Amino acid sequence: MSAPLIEMIDIEKHFGSVIALAGVSLSVQEGECHCLLGDNGAGKSTFIKTLAGVHQPTKGEMRIDGKTVHFPNARAAIDAGIATVYQDLAMIPLMSVARNFWMGREPQKSVGPFKIWDADKANAITMEEMARMGINLREADQAVGTLSGGERQTVAIARAVYFGARVLILDEPTSALGVRQTANVLSTIDRVRKKGIGVVFITHNVRHAMAVGDRFTVLNRGKTLGTAARGEVGVEELQDLMAGGKEMVQLEQSLGGTV
Ligand SMILES: Nc1ncnc2c1ncn2[C@@H]1O[C@H](COP(=O)(O)OP(=O)(O)OP(=O)(O)O)[C@@H](O)[C@H]1O
Ligand SMILES: [Mg+2]
């Protein structure tokens, strides 16, 4: 079997005397959706910010395609193909979907000696990429503020995919969404995975994780409680684990971790 796309090995992160991560390991294969679950303060965001180059790990190793990497900043992680979609999305509501899609990377065309943004090309590609994710826009000029929360998530995901992400990190993409929009985002995750991209899906919601996850890692107070593959663990067990629940000891076997 080829090396995982991403391996995070025994990652620790201290903020002064606060130990946010106390040795967390996780790997992602091509085309895999790896769900990262855990209660508030478990260390999920800290972990993915480390993977995204926003934080430097205090200890531990990261590998891409089996080779050790260091990300001094977020740009370095993006250049290595790691795209992160944060919950607050950093979109500009009054700007068009197309402008938000391109955001500083607009295609240019020459008009005499000038270079201007090629709106026709940008709009056409935006419509096409959104349609691939199952969303048919009325027009690419439509303001992003007129989209639903789920559709906005999809713009951010489509953008990451179009610009060549190999790993897509989604931090709680469904937590603010209703049932139908959640279903849209989950089916988008499924499409992304089928393109061979690795997905790290962070969620509090075990059912959302179960809908698309191939593997599940549960964090509790900066530690991994274990990783289970689909079929090895049920909704209730995961829920219990997230709550640091009473069934943990019985689960030790199925998860193979130190509970
Ligand atoms: N920049 C920071 N400085 C100090 N402590 C921090 C910092 N960032 C996170 N922490 C601490 O690290 C721990 C883990 O926080 P983190 O945000 O990673 O949790 P989380 O699992 O993402 O929680 P939530 O589900 O609420 O988003 C918390 O105790 C938090 O207070
Ligand atoms: Mg968080």
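## Surroundings of ligand 1

In this predicted model, helix 1 is the element that gives the most to the shell around ligand 1, contributing 3 residues. The shell as a whole consists of Phe 15, Val 18, Ala 20, Gly 38, Asn 40, Gly 41, Ala 42, Gly 43, Lys 44, Ser 45 and Thr 46. Two elements give two or more residues to it, namely strand 2 (18-28) and helix 1 (44-51).

Sorted by class, the residues around ligand 1 comprise 6 polar, 4 nonpolar and 1 charged.

## The sheet of 4 strands

Strand 2 also belongs to an open sheet of 4 strands, whose order is 2-1-4-5 and whose pairing is antiparallel. Its edges are formed by strand 2 and strand 5 (67-69), each of which pairs on one side only. On average, neighbouring strands of this sheet are turned by 30° against each other, direction ignored.

Between strand 1 (residues 6-15) and strand 2, 8 bridges make up the antiparallel pairing. Within this pair, Phe 15 stands opposite Val 18 of strand 2, and both residues are also found in the shell around ligand 1. Helix 1 packs on the sheet, where it touches strand 1 and strand 2, and its direction makes about 120° with that of strand 1.

## The sheet of 6 strands

A further open sheet contains 6 strands in the order 6-9-10-3-11-12, and its pairing is mixed. Strand 6 (82-85) and strand 12 (223-229) are the edge strands, each pairing on one side only. From one strand to the next, the twist averages 15°. At one edge, strand 6 runs parallel to strand 9 (residues 167-171), and 4 bridges join the two. Ala 83 stands opposite Leu 168, a residue of strand 9.

Helices lie across this sheet as well. Helix 6 (residues 179-194) crosses strand 3 (33-38), strand 9 and strand 10 (198-203), and runs at about 155° to strand 10. Helix 8 (residues 235-242) lies across strand 3, strand 11 (215-220) and strand 12, running at about 25° to strand 11.

## Two domains and their contact

The domain assignment divides the chain into domain 1, made up of 6-89 + 148-255, and domain 2, covering 95-142. The C-alpha centres of the two domains are 30 Å apart. Where they meet, 12 residues of domain 1 are in contact with 9 residues of domain 2.

On the side of domain 1 that touches domain 2, the elements giving two or more residues are helix 5 (149-162) and helix 6. Helix 5 supplies the largest share of this side, with 7 residues. By class, the same side of domain 1 holds 5 nonpolar, 4 polar and 3 charged residues.

## Phe 101

Phe 101 is located in helix 3 (residues 97-102). Is this residue buried or exposed? Phe 101 counts as buried because 26 other C-beta atoms lie within 10 Å, and the threshold for that class is 20 or more.

Leaving aside residues up to four places away in sequence, Phe 101 touches Thr 126, Val 155, Ala 158 and Arg 159. The C-alpha atom of Phe 101 is separated by 9.5 Å from that of Ile 157, although the two residues are 56 residues apart along the chain.

Conventions:
Residues are numbered from 1 along each chain as its sequence is written. Chains are lettered from A and ligands numbered from 1 in the order in which they are written. This is a predicted model: local features need pLDDT of at least 70, side-chain atom pairs count only at pLDDT 80 or more; totals for chains, interfaces and linings use all residues. A residue is near a molecule or strand if its C-beta atom, placed from the backbone, lies within 6 Å of it. Ala, Val, Leu, Ile, Met, Phe, Trp, Tyr, Cys and Pro count as nonpolar, Asp, Glu, Lys and Arg as charged, and the others, Gly among them, as polar. Two strands pair if DSSP finds at least two bridges between them. Axes are lines fitted to C-alpha atoms, for helices over the stretch in contact, and angles run from 0 to 180 degrees between N-to-C directions. Two residues are in contact if their C-beta atoms, placed from the backbone, lie within 7 Å. Domain bounds come from an automatic or database domain assignment. A residue is buried if 20 or more other C-beta atoms lie within 10 Å of its own, exposed if 12 or fewer, and partly exposed in between; C-beta atoms are placed from the backbone.
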